[in-house]
Each structure stands twice: as C-alpha cells, then as structure tokens.
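Welcome to a short set of exercises on reading a protein model. Please have the structure open beside you and try each task before you read its solution.

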Amino acid sequence: MTRLRPGDWLMIAAGLAATVATTAAQWGRTAPTLAQVRLDGRIVAEIPLNGTHRVAIAGALAAQGETVIEVEPGRARVAADPGPRQYCVHQGWLTRAGAVAVCAPSHISLQLAGPDSAQDTVAF
C-alpha cells in the first residue's frame with residue numbers, strides 16, 4: 001500500500017466506476033417483448049414473448065430440414081436446425097433484449113427485442 005501513488009489510486013477508482021456503470025446498465029434493461037426471426041437479413045417472423053409458440057422456418061438448408069424456433073413467456077430459443085454443428089441450438093434459451101442466436105449455415109438468426117434494445121441487422 002505504501003508504493004501506491006496518487007495516479008494509481010485514480011486508476012483504481014476509474015476501474016471501479018466503470019465496473020459499476022456497466023453492471024448497472026446491463027441490469028437496468030427491460031425484459032424483451034418480441035422475438036424476431038431473420039432469413040438472409042430480412043425479418044420473416046415476429047413472435048410476441050407473452051405466450052407459447054413453435055415456428056418452423058425453411059432456410060438455406062431446407063432440403064435437409066427446417067429450423068424450429070420455440071417461444072415461451074419471456075424467452076426464445078432455436079430448438080432444431082439442420083446445420084452440421086448446431087451452435088445456435090446449443091446456445092439455449094435467450095432471455096435478454098438484444099440477445100442473438102445465429103444459425104449461419106441456414107442463414108437464419110433469432111434476436112430478442114425490447115423497448116430499449118437497439119435494432120441491429122444481422123447480415124450474412
């Protein structure tokens with residue numbers, strides 16, 4: 001403690017302030033209200049997150065099967081995809097506004113949107 005200089009204390013205080021600010025910003029978000037399904041960057045389905053839904057989308061790998069999106073109150077996930085590695089399926093349930101699951105081989109993405117989420121376009 002005796003080797004810390006005034007500039008060191010300033011850096012420690014700035015790091016703590018940044019940590020508190022980012023934590024508050026992440027926890028202060030509102031719950032998502034809508035699941036948006038995109039195919040090749042275009043929105044093909046908007047599903048409200050207030051009920052239970054199951055939607056099948058034919059993507060780029062339609063010959064091998066459809067991508068299945070499941071929605072439950074407050075959350076959504078990619079339940080099945082014909083892609084070889086299943087990364088979007090393994091991502092599990094999305095619960096935060098702005099969260100995205102991308103099924104790249106199928107050219108399909110799932111994004112949760114809320115009142116305060118920025119509308120971002122996922123391009124392939």
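The exercises below go through strands, surface, charged pairs and distances in this predicted model.

**Exercise 1. Find the partners of strand 1**

Task: With which strands does strand 1 pair, and in which sense do they run?

Solution:
- Step 1. Start with residues 34-39, which make up strand 1. Of these 6 residues, 5 are buried, so you can call the strand mostly covered.
- Step 2. Look for the first partner on your list, strand 2, at residues 42-48. Strand 1 and strand 2 are antiparallel and share 6 bridges.
- Step 3. Now turn to strand 7, residues 108-113. Strand 7 also runs antiparallel to strand 1, and 6 bridges join the two.
- Step 4. Use Val37 as a landmark. Its bridge partner in strand 2 is Ala45, and in strand 7 Val37 stands opposite Leu110.
- Step 5. Check the turn of the hairpin made by strand 1 and strand 2, where 2 residues lie between the strands. Asp40 has a positive phi there, near 55 degrees.

**Exercise 2. Describe strand 7**

Task: Is strand 7 largely enclosed or largely open, and why?

Solution:
- Step 1. Count the buried residues: 6 of the 6 in strand 7 are buried. That is why strand 7 is largely enclosed by the rest of the structure.
- Step 2. Recall a general pattern: side chains in a regular strand alternate between the two faces of the sheet.
- Step 3. Sort the residues by direction. Ile108, Leu110 and Leu112 point one way from strand 7, while Ser109, Gln111 and Ala113 point the other way. All of them are buried.
- Step 4. Find strand 6, residues 100-103, which is antiparallel to strand 7 and joined to strand 7 by 4 bridges. Within this pairing, Cys103 stands opposite Ile108.
- Step 5. Finish at the turn. The hairpin of strand 6 and strand 7 has 4 residues between the strands, and His107 in the turn has a positive phi of about 65 degrees.

**Exercise 3. Look for a nonpolar patch**

Task: Which residues form a nonpolar patch on the surface?

Solution:
- Step 1. Pick out Leu4, Trp9, Ile12 and Leu16, the residues that form the patch. Together they offer about 370 Å² of accessible area.
- Step 2. Take Ile12 as an example; you will find Ile12 in helix 1, residues 6-27.
- Step 3. Classify Ile12. Its relative accessibility is 38%, so Ile12 counts as partly exposed.

**Exercise 4. Trace the salt bridges**

Task: How many salt bridges are counted, and which residues form them?

Solution:
- Step 1. Keep the idea in mind: side chains of opposite charge can pair when their charged atoms come close.
- Step 2. The count is 3 salt bridges. One of them pairs Arg54 with Glu70, whose closest N and O atoms are 2.2 Å apart. This pair links distant parts of the chain, because Arg54 is in strand 3 (residues 53-57) and Glu70 is in strand 4 (residues 67-72), 16 residues apart.
- Step 3. Compare the covering of these two residues. Arg54 counts as exposed because its relative accessibility is 57%, whereas Glu70 counts as buried at 15%.
- Step 4. Add Arg77, which also forms a salt bridge with Glu70, at 2.8 Å between the closest N and O atoms. Arg77 is partly exposed at 28% relative accessibility.
- Step 5. Add Arg75 and Glu72, whose side chains meet in a salt bridge of 2.8 Å, N to O. Shared partners join Arg54, Glu70 and Arg77 into one network of salt bridges.
- Step 6. Give Arg75 a second look: Arg75 lies over the face of Trp93, 3.9 Å from the ring centre.

**Exercise 5. Compare sequence and space**

Task: How far apart are Ile57 and Glu70 in sequence and in space?

Solution:
- Step 1. Locate Ile57 in strand 3. At 11% relative accessibility, Ile57 counts as buried.
- Step 2. Read off both separations. Ile57 and Glu70 are 13 residues apart in sequence, and their C-alpha atoms are 11 Å apart in space.
- Step 3. Repeat this with Ala56, also placed in strand 3, and Ala97. This pair is 41 residues apart in sequence and 22 Å apart in space, C-alpha to C-alpha.

Methods:
Residues are numbered from 1 along each chain as its sequence is written. This is a predicted model: local features need pLDDT of at least 70, side-chain atom pairs count only at pLDDT 80 or more; totals for chains, interfaces and linings use all residues. Side-chain values use heavy atoms; hydrogens and water are left out. Buried means under 20% relative accessible area, exposed over 50%, partly exposed in between (1.4 Å probe, protein chains only). Two strands pair if DSSP finds at least two bridges between them. Patches are made of residues with over 30% relative accessible area and no salt bridge: like charges are joined within 9 Å, nonpolar side chains (Val, Leu, Ile, Met, Phe, Trp, Tyr) within 5 Å. Accessible areas come from the Shrake-Rupley method with a 1.4 Å probe; for residues, only the protein chains shown count as cover. A salt bridge is a side-chain nitrogen of Lys or Arg within 4 Å of a carboxyl oxygen of Asp or Glu. A charge sits over a ring if NZ of Lys or CZ of Arg is within 6 Å of the ring centre and within 35 degrees of the ring normal.
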